[in-house]
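Student: I have a new structure open on my screen and would like to walk through it with you. Could you take my questions one at a time?

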Amino acid sequence: MKKKKVNLRDLKPNSEEPHSHDDGHNHSGSSSNIKAYIPAIISFSMLIIGIGLDYFDVNFFKDWVRIIWYGIAYLPVGLPVVKEGWESINKGDVFTEFLLMSIATIGAFIIGEYPEGVAVMLFYAVGELFQNAAVNRAKGNIKALLDVRPNEALVYRNNDYVSVNPETVQIGEKVQVRVGEKIPLDGILLSDKGSFNTAALTGESKPSTILKGEKVFAGSINLDGVIEIETTKEFKDSSIARILDMVQNATSRKSKTELFIRKFARIYTPIVVFLAIGVTLLPYFFVDDYVFRDWLYRALIFLVISCPCALVISIPLGYFGGLGAASKNGILFKGASFLDVMTKVNTLVMDKTGTVTKGVFKIKEIKAIGWDEKEFMKYLMAMEEQSTHPIAKAILEYKVESSAYKASDVTEIAGKGLKGNINSKIVLVGNKALMTANKIDVPTETQSIVESIVLVAIDNKFAGYVVIADQLKEDAKETISALHKVGVNSIMMLSGDKDSITQKVASELNIEHAKGGLLPEDKLKEVELLKQNPENKIAFIGDGINDAPVLAASDIGIAMGGLGSDVAIETADVIIQTDQPSKVVKAIKISRSTRKIVWQNIVLAFGVKVIVMILGAGGLATMWEAVFADVGVALLAILNAVRLQRMHWD
């Protein structure tokens with residue numbers, strides 16, 4: 001099924017679309033929603049009035065007046081179903097639930113059971129509306145993704161910077177990007193240097209420092225100072241446009257799924273229709289006083305009784321219960337079909353940054369050599385106060401008593417670090433290249449550290465280092481072991497972060513398969529390879545723009561809704577509101593409980609229906625008994641579905 005794009009603010013726990021027919025319109029607006037309910041409201045109002053007039057035996061409400069009244073009440077809810085049945089027949093799909101509903105309700109009119117004919121179709125129409133609710137709210141098409149693209153570019157034209165649509169910018173033009181803005185097109189950096197957040201494109205947790213003449217990519221966020229770039233690609237060929245194109249293609253490749261009721265109707269409907277024909281004609285060969293009209297009457301009652309109202313109600317009721325239970329636990333499913341898919345997941349692919357890690361830099365280790373740790377940190381912090389880099393911010397969070405240490409004569413050495421003077425001591429803070437350039441020996445132990453490392457030298461002697469790393473989420477480890485327990489046997493981590501860091505995190509979490517340094521298209525290829533095995537039911541969990549293509553291509557996409565990007569949330573089928581990966585395990589458990597409840601409701605509704613149909617064929621059941629059986633089953637189904645709200649899945 002195609003992914004339904006949804007605004008998280010508008011998301012409500014409802015069911016999935018009732019059939020695969022798509023009218024191609026967007027019904028997400030409030031006015032469209034109201035219009036969708038008008039036919040049911042009209043039919044319901046006329047039905048209640050008609051029943052009232054029948055009850056009080058009003059004189060004028062007889063014969064043709066009564067028939068016309070109920071006929072008009074039937075049309076708003078019945079005509080679309082009859083039309084759908086007719087269109088299905090023209091397409092060669094004869095035995096659908098639409099045909100059964102049409103025959104049964106028209107049959108009720110033929111035998112004079114007008115209120116029941118309207119009520120049966122009204123039940124069905126209301127069930128369809130409930131199932132449509134989630135789709136109508138989730139109907140935002142792929143254009144919603146385009147909001148992530150920069151919508152303006154400051155281009156240098158006629159001796160001034162003017163704001164234009166990025167799609168109008170030509171290759172070779174000069175573009176200015178301010179602090180906090182997205183780079184609108186791919187290009188090369190004209191300014192001396194720049195610091196960029198590329199997490200949306202690559203998943204790299206550490207901001208990138210780009211020097212003059214190096215490539216910059218559309219969608220990256222400028223973190224430090226006004227910069228200028230020269231465009232090297234048109235907007236349609238930029239990095240962000242390519243990602244969005246992959247989302248569209250991956251979404252279109254999603255296989256369609258049909259609701260159980262539609263599959264069931266293909267078997268159930270022909271059986272019921274042929275049995276009704278049998279009830280009409282077969283007694284001719286076995287009954288002496290055969291009267292065609294009497295047996296036709298019984299056959300029509302049989303058809304009305306066979307109308308799957310309880311089934312139509314009980315199935316979405318179970319899903320409503322599951323969607324509501326998931327919502328209470330901070331998990332939003334965008335449709336009932338995704339609850340079904342979640343029950344079959346046996347392979348989980350996950351992003352790293354922001355998914356199992358917090359995506360925030362923290363000090364992981366401090367190693368002072370020949371210095372007291374706090375004294376060492378005072379020197380380092382005095383230097384980092386001169387920087388706005390995220391790593392500097394992480395270091396400045398270190399708790400130390402107020403210090404009078406001030407750095408002077410601080411100079412930045414491009415691509416290497418800082419050099420300054422503190423307490424008449426020369427202090428160097430940066431990477432290994434800075435130490436090597438100043439002939440300072442660095443301990444070999446630093447070579448095995450894969451995380452970001454800040455090396456410090458004081459007065460030409462190595463003084464120590466600080467390791468800065470992204471932190472694992474508190475429930476990350478328990479999530480992996482819990483996934484294995486619920487039958488997810490294959491777990492893989494794919495990240496745009498450095499492969500060394502990715503492998504280290506995977507090792508800490510006991511994930512056997514991991515790959516780092518991947519671009520969005522690389523992640524997509526990995527998932528496509530997994531999909532070649534039809535036994536793999538793949539869930540992908542991620543949070544960035546770069547994850548959107550994989551979220552769309554997987555059997556079920558799961559996005560982190562708290563800190564995740566808008567694109568990931570729009571593209572995913574399931575949204576974890578709390579950003580806790582352990583919620584994936586709970587989502588699987590809730591899905592399986594929901595499927596169990598749904599099947600219990602199906603067996604209950606179908607079992608009672610068979611019994612009443614047998615009684616009806618034998619002339620022992622009337623229309624009202626059939627309706628009573630349906631209502632009773634529906635109430636039991638409601639109570640059964642409500643159980644989901646009281647269950648715990650810890």
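Tutor: Gladly! Let us start with a term: a residue is called buried when its relative accessible area is under 20%, and exposed when that area is over 50%. Keep in mind that this is a predicted model.

Student: What confidence does the protein chain average in pLDDT?
Tutor: Two figures help here. Of the residues, 82% score at least 70. Some stretches do less well: pLDDT stays under 50 over residues 1-29 and also over residues 250-258. For the protein chain, the average pLDDT is 81.

Student: How many contacts beyond four places in sequence does the model have for residues 250-258?
Tutor: Both stretches with pLDDT under 50 come with such a count. For residues 1-29 the model has 100 contacts beyond four places in sequence. For residues 250-258, the number is 23.

Student: How many of the 14 residues of H3 are buried?
Tutor: Apply the cut-off of under 20% relative accessible area. Among those that pass in H3 are Phe 98, Leu 99, Leu 100 and Met 101, as well as Gly 107, Ala 108 and Phe 109. Helix H3 is largely enclosed by the rest of the structure because the buried residues number 11 of the 14.

Student: How far apart are the end C-alpha atoms of helix H3?
Tutor: Helix H3 covers residues 97-110, and at 1.5 Å a residue its 14 residues should span 20 Å. The model agrees with that expectation, as the end C-alpha atoms are apart by 20 Å.

Student: Which residue with a positive phi follows H3?
Tutor: Look just past the end of the helix. The phi there is positive, near 90 degrees, and the residue is Gly 112.

Student: What span should helix H8 have?
Tutor: Helix H8 runs over residues 292-306, which makes 15 residues at 1.5 Å each. Its buried residues include Trp 295, Ala 299 and Leu 300. The end C-alpha atoms lie 21 Å apart, in agreement with the expected span of 21 Å.

Student: Which strands are at the edges of the sheet that includes S1 and S9?
Tutor: The sheet is open and antiparallel, with 6 strands in the order S2-S1-S3-S9-S4-S7. An edge strand pairs on one side only, and this holds for strand S2 (160-164) and strand S7 (215-216).

Student: Which residue in S2 is the bridge partner of Leu 154?
Tutor: Strand S1 (residues 153-157) runs antiparallel to S2, and 5 bridges join them. In their hairpin, 2 residues lie between the strands, and Asn 158 takes a positive phi near 55 degrees. The partner of Leu 154 in S2 is Ser 163.

Student: Which residue in S9 stands opposite Val 175?
Tutor: Here the pair is S3 and strand S9 (residues 227-231), antiparallel over 4 bridges. Opposite Val 175 stands Ile 229.

Student: Is Asp 186 buried or exposed, and which residue's backbone nitrogen lies 2.7 Å from its side chain?
Tutor: Asp 186 sits in the loop between strand S3 (174-177) and strand S4 (187-189). Its relative accessibility is 2%, so Asp 186 counts as buried. A polar atom of its side chain lies 2.7 Å from the backbone nitrogen of Ala 218.

Student: Is strand S20 largely enclosed or not, and how many of its residues are buried?
Tutor: Check each face in turn. On one side Ile 538, Phe 540 and Gly 542 are buried, and on the other Ala 539 and Ile 541 are too. Strand S20 (residues 538-542) is therefore largely enclosed, its buried residues being 5 of the 5.

Student: Through which helix does the chain cross from S20 to S21?
Tutor: S20 pairs in the parallel sense with strand S11 (residues 347-350) over 4 bridges, and Met 350 stands opposite Ile 541. S20 also pairs in the parallel sense with strand S21 (residues 556-560), again over 4 bridges. The β-α-β crossover from S20 to S21 is right-handed and passes through helix H17 (residues 548-553).

Student: What is the relative accessible area of Gly 370?
Tutor: Gly 370 lies in the loop between strand S12 (357-368) and helix H11 (373-384). Gly 370 and Phe 462 are 92 residues apart in sequence and 8.8 Å apart in space, C-alpha to C-alpha. Gly 370 is exposed, because its relative accessible area is 80%.

Terms used:
Residues are numbered from 1 along each chain as its sequence is written. Side-chain values use heavy atoms; hydrogens and water are left out. Buried means under 20% relative accessible area, exposed over 50%, partly exposed in between (1.4 Å probe, protein chains only). Two strands pair if DSSP finds at least two bridges between them. A crossover is right-handed if, with the strands pointing away from the viewer, the path from the first strand over the helix to the second runs clockwise. The expected span of a helix is 1.5 Å times one less than its number of residues. A polar contact is a pair of N or O atoms within 3.5 Å; within protein, one must be able to donate a hydrogen and the other to accept it, and residues adjacent in sequence count only if both atoms are side-chain atoms. pLDDT is the predictor's confidence in each residue, from 0 to 100. Contact means heavy atoms within 4.5 Å.
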